[in-house]
Structure formats: structure tokens, C-alpha cells
Amino acid sequence: MPTGRPQKKTVTKKKALRAKKSLAKTVPVRAATKAAKKNSAGDPTNPRRVETILQRLAEHYPNAVCALHHRNAWELMVATILSAQCTDVRVNMVTPALFQRFPTPQSMAKASQAEVEEMIRTTGFFRNKAKNIIGAAQMVVAEFGGKVPQTMDELLTIPGVARKTANVVSGSWYKILLGVVVDTHVMRISQRLELTKSTTPEKIEQDLMQLIPQPAWIDFSHRVIHFGREICIARKPRCADCFLEDLCNSKDKTWSTH
Ligand code: SF4
């Protein structure tokens with residue numbers, strides 16, 4: 001007659017099998033969740049962190065717009081060309097007289113290099129900028145019927161226009177989202193907030209396009225530019241006043257809570 005011993009053994013085997021199956025199901029899931037959490041917390045580009053950064057920028061700069069004064073795509077393109085290595089405030093001081101003297105691409109296309117140079121001298125690199133603005137006007141007139149084009153490929157054929165200027169014009173004026181504007185502020189702050197490890201504007205733009213939802217591309221740049229002027233200043237960032245301080249691990253920090 002079988003005793004309680006074999007029966008007990010059978011029950012133990014069944015239990016062990018169940019436990020094994022249960023472990024097989026739960027342990028990898030738990031381990032994966034834990035690993036995901038760990039990665040998510042350690043990865044500065046995790047979607048949750050990026051979303052928090054975008055939300056806080058939106059809360060602090062809900063109405064951020066392009067600071068360069070302009071009335072049309074042509075004026076915005078010229079102002080953006082002039083803004084290289086120069087402040088927007090300085091550009092805004094120069095452009096009213098420039099646009100009054102040469103109000104259209106047609107009139108700028110016929111301008112003399114010397115006159116334009118003199119009018120934009122205070123923006124720096126004025127010889128090259130004057131050459132580019134006149135060349136851009138001639139190209140817009142000759143190739144695009146006097147109207148600033150809307151596609152990236154066409155915009156990039158215009159003298160003085162690289163991706164930054166093309167993104168400013170297409171995004172801010174035409175509301176066509178071709179990319180993210182990467183100027184000196186966007187570059188510096190994206191690096192400080194570890195949204196990119198890249199060092200060139202082109203690569204930083206590609207990294208940001210991967211991280212930031214397309215509808216937010218224009219607002220992101222405008223907000224970061226304001227943030228860079230007011231808080232995350234290049235030489236001495238105002239970290240004690242910064243609404244992103246708890247998320248920031250930059251070596252450039254001047255004050256830290258963690
Ligand atoms: S904590 Fe400092 S360095 Fe970091 S984002 Fe804010 S101002 Fe910039």
C-alpha cells in the first residue's frame with residue numbers, strides 16, 4: 001500500500017513545478033521592469049525627462065516668439081543672416097533703415113555692396129553679410145520669382161542660408177516644420193541638459209529631432225533661446241533661479257541642490 005510518503009513527494013514535485021513556472025513568468029518581467037526603470041532614470045534623453053523639460057519651458061515661456069523684427073519672409077531671412085555672431089537687439093536696430101532703403105528682394109538685388117556694408121556695419125562680419133544679402137536677393141529674384149522659397153532644398157541654395165536660417169524662415173514664417181533651429185543658445189543648453197552629446201549644429205539638430213515631438217520644434221527653439229538669454233547664460237548660468245536645476249547635471253552649474 002502506498003504510504004503518505006510518495007504522495008507527499010508528488011505534491012512537492014507539483015509545487016516545485018508551479019513555482020518554477022511562476023518564476024519563469026515573473027522573474028524576467030520584474031527584472032525587465034527594474035532594468036527599464038533604471039535605464040529610464042539614468043538616461044537623460046528618456047521621454048519622461050524630455051517631456052518634463054518641454055512642459056517647464058512652456059510654463060515659463062508660453063508666448064515665446066522670434067525676437068527678430070520682420071514683416072515678411074524676406075525680412076526674416078535677412079534679419080537671420082545678420083544675426084550671426086550678433087545680438088537680436090543689435091540686428092533690430094539696423095534693419096528698420098535697411099528695409100526702408102531696400103524694401104524688396106528686387107531693390108536689394110540692385111544695391112551697392114558699399115552702401116549695404118555701411119548700413120549693417122555694426123552687426124559684425126559686415127562685408128560677408130552684405131555680399132550674402134545682395135546675393136540672396138539676386139537669387140530670390142532670378143530663381144524664385146521674388147518670393148522666398150519654402151523647401152529646405154531650395155532655401156539651402158540661397159547665399160548665406162544654412163539650416164538654421166532655413167529653419168527659422170520655414171518654421172516661424174511659413175509654419176512648415178522642416179527641422180529644429182539650432183543657434184548658440186539651443187546648442188549650449190541642449191548639451192548642458194544632456195539632450196545631446198554632439199558638438200556640431202547639424203548633429204545636434206538631428207538628435208533634437210529624434211527627441212522632441214515635431215509639433216513642438218518651433219516653440220522649443222524660441223523658448224530655449226529666451227531661457228538662454230535670461231537664465232542659462234553662457235558664461236555664468238543663473239542656476240539658483242533655474243526651473244530646470246533639479247534635472248540638470250551640467251558641469252557648468254554655478255549652484256546645485258544635488
Ligand atoms: S541649472 Fe544652471 S546650467 Fe543647468 S540648465 Fe539651469 S541655468 Fe543652465
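**View 1. Helix 9 gives the most residues to the lining of the largest pocket, seven of them.** This is a predicted model, so keep that in mind for every view here. The pocket holds about 1,000 Å³ of space. Its lining runs to 43 residues, and if you want to find the middle, look for Ser83, Ala84, Lys164, Asp183 and Thr184, which lie nearest the centre.

**View 2. Several helices share the lining of the largest pocket.** Those giving two or more residues to this lining are helix 3 (73-82), helix 4 (88-101), helix 7 (126-144), helix 9 (163-173), helix 10 (184-192), helix 11 (201-211) and helix 12 (217-230). Sorted by class, the lining residues come out as 18 nonpolar, 16 polar and nine charged.

**View 3. Helix 10 meets helix 11 in a left-handed crossing.** These two also turned up around the pocket, each with two or more lining residues. Here their axes come within 11 Å and cross at roughly 60 degrees. That angle falls outside the 65 to 115 degrees that would count as roughly perpendicular, and the pair is therefore oblique. On the helix 10 side, the contact uses Val186, Met187, Ser190 and Gln191; helix 11 answers with Pro201, Ile204 and Leu208. Five of these contact residues are nonpolar and two are polar, with no charged ones.

**View 4. Helix 4 packs against helix 6 (residues 113-120), with their axes coming within 9 Å.** The crossing angle is roughly 155 degrees. Anything over 145 degrees counts as roughly antiparallel, so that is how helix 4 runs relative to helix 6. From helix 4, the contact takes in Val94, Ala97, Leu98 and Arg101, while helix 6 brings Glu115, Val116, Met119 and Ile120. The tally for this contact is six nonpolar residues, two charged and no polar.

**View 5. The largest cavity has about 120 Å³ of space.** The structure holds three cavities of 30 Å³ or more, and this view takes the largest of them. It is lined by 16 residues. Four cysteines, Cys232, Cys239, Cys242 and Cys248, are among the residues closest to its centre, along with Phe227. By class, the lining has ten nonpolar residues, five charged and one polar.

Terms used
Residues are numbered from 1 along each chain as its sequence is written. This is a predicted model: local features need pLDDT of at least 70, side-chain atom pairs count only at pLDDT 80 or more; totals for chains, interfaces and linings use all residues. Side-chain values use heavy atoms; hydrogens and water are left out. On a 1 Å grid over the protein atoms alone, a cavity is a set of points where a 1.4 Å probe fits but cannot get out, and a pocket is an open set with protein on both sides within 12 Å along at least five of seven lines; lining residues have an atom within 4 Å of a point. Grid points are joined across faces, edges and corners, and a volume is the space filled by probe spheres set on the points. Helices (H or I, at least four residues) and strands (E, at least two) are DSSP runs, numbered from the N terminus. Ala, Val, Leu, Ile, Met, Phe, Trp, Tyr, Cys and Pro count as nonpolar, Asp, Glu, Lys and Arg as charged, and the others, Gly among them, as polar. Axes are lines fitted to C-alpha atoms, for helices over the stretch in contact, and angles run from 0 to 180 degrees between N-to-C directions. Angles under 35 degrees count as roughly parallel, over 145 as roughly antiparallel, 65 to 115 as roughly perpendicular and the rest as oblique. A crossing is left-handed if the near helix is turned anticlockwise from the far one by less than a right angle, and right-handed if clockwise. Contact means heavy atoms within 4.5 Å.
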